[in-house]
Each structure stands twice: as C-alpha cells, then as structure tokens.
Amino acid sequence: MADQPRRPRTLGDARTEAEAAFKKVTAKVAAPVPKQNVAPGIKEQVTLRIDQDVLEFFQEGGPGWQDRINDALRKAAGK
C-alpha cells in the first residue's frame, strides 16, 4: 500500500461543497477604479500619425503649430 500514490485530501461532504459553490457565485467583484477627471487645460502627451502635408500646413504658421492642431481637432470634435 505504501507504493500507491495518495489522493489529495478533500472535504467531500455536501455542505462544504455547497458553501464553496455559494461563495464562488455570490462573491462581489471589485468595481474597476474610475478614471480620474482631468482638470481643464492639462494636456496629455500622445503619439499621433498624420500625413506629412497636414503637418507642413500647420508648421508653416511658425511656433504654436501643436496648439493649432489641437484647436482644429477640438473644432472637429464639436467642442
């Protein structure tokens, strides 16, 4: 008998199994953390691929071309 592998110990009684199943089904799932509201005027750095001719158009106006692109995108978004 010593050569036979042992079966894992389980508490095979119905009550324990029922309690485990109940806990599994009724366990509360943690709510996702809500995204923090961003204060107006704070900008976020992103990478954006745009056509070269569009980039040149905005850069022709000199410094502030990124703000002009942002204004155009804001207008396109209806804001």
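The questions and answers below deal with a predicted model of a protein.

Me: What pattern of helices and strands does the protein follow along the sequence?
Reply: The model is predicted. There are three helices in the protein, and the number of strands is zero. Read along the sequence, the pattern is α-α-α.

Me: What percentage of the residues count as buried?
Reply: The protein has 79 residues, and a residue counts as buried when its relative accessible area is under 20%. Phe58 is one residue that meets this cut-off, with 14%. The share of residues that count as buried is 4%.

Me: How much of the exposed area do carbon and sulfur atoms supply?
Reply: The protein exposes about 8,600 Å². Of this area, the part supplied by carbon and sulfur atoms is 55%.

Me: Stacked, tilted or edge-to-face: which word fits the pair of Phe57 and Phe58?
Reply: The structure has one aromatic pair. The ring centres of Phe57 and Phe58 are 5.2 Å apart, and rings pair if their centres lie within 6.5 Å. Their planes are at 85°, and planes over 60 degrees apart make a pair edge-to-face. The pair is therefore edge-to-face.

Me: Which residue is exposed, Phe57 or Phe58?
Reply: Exposed means over 50% relative accessible area, and buried means under 20%. Phe58 has 14% and so counts as buried. With a relative accessible area of 57%, the exposed residue is Phe57.

Me: Which side chain meets Arg15 in a salt bridge?
Reply: The structure holds two salt bridges, and one of them involves Arg15, with an N to O distance of 3.2 Å. Its partner lies four residues apart from Arg15 in helix 1 (residues 14-26), so the two are separated by about one helical turn. Arg15 is exposed at 64%, whereas the partner is partly exposed at 40%. The partner is Glu19.

Me: How many residues apart are Asp67 and Lys43?
Reply: The side chains of Asp67 and Lys43 meet in a salt bridge, at 2.8 Å from N to O. Asp67 belongs to helix 3 (residues 65-76), while Lys43 sits in the loop between helix 1 and helix 2 (52-59). The pair thus links distant parts of the chain, and the separation in residues is 24.

Me: Which of the words buried, partly exposed and exposed applies to Asp67?
Reply: Lys43, the salt-bridge partner of Asp67, is exposed at 59%. Asp67 has a relative accessible area of 40%, and the range between 20% and 50% has its own class. Asp67 is therefore partly exposed.

Terms used. Residues are numbered from 1 along each chain as its sequence is written. This is a predicted model: local features need pLDDT of at least 70, side-chain atom pairs count only at pLDDT 80 or more; totals for chains, interfaces and linings use all residues. Side-chain values use heavy atoms; hydrogens and water are left out. Buried means under 20% relative accessible area, exposed over 50%, partly exposed in between (1.4 Å probe, protein chains only). Accessible areas come from the Shrake-Rupley method with a 1.4 Å probe; for residues, only the protein chains shown count as cover. Rings of Phe, Tyr and Trp (its six-membered ring) pair if their centres lie within 6.5 Å; planes under 30 degrees apart count as stacked, over 60 as edge-to-face and the rest as tilted. A salt bridge is a side-chain nitrogen of Lys or Arg within 4 Å of a carboxyl oxygen of Asp or Glu.
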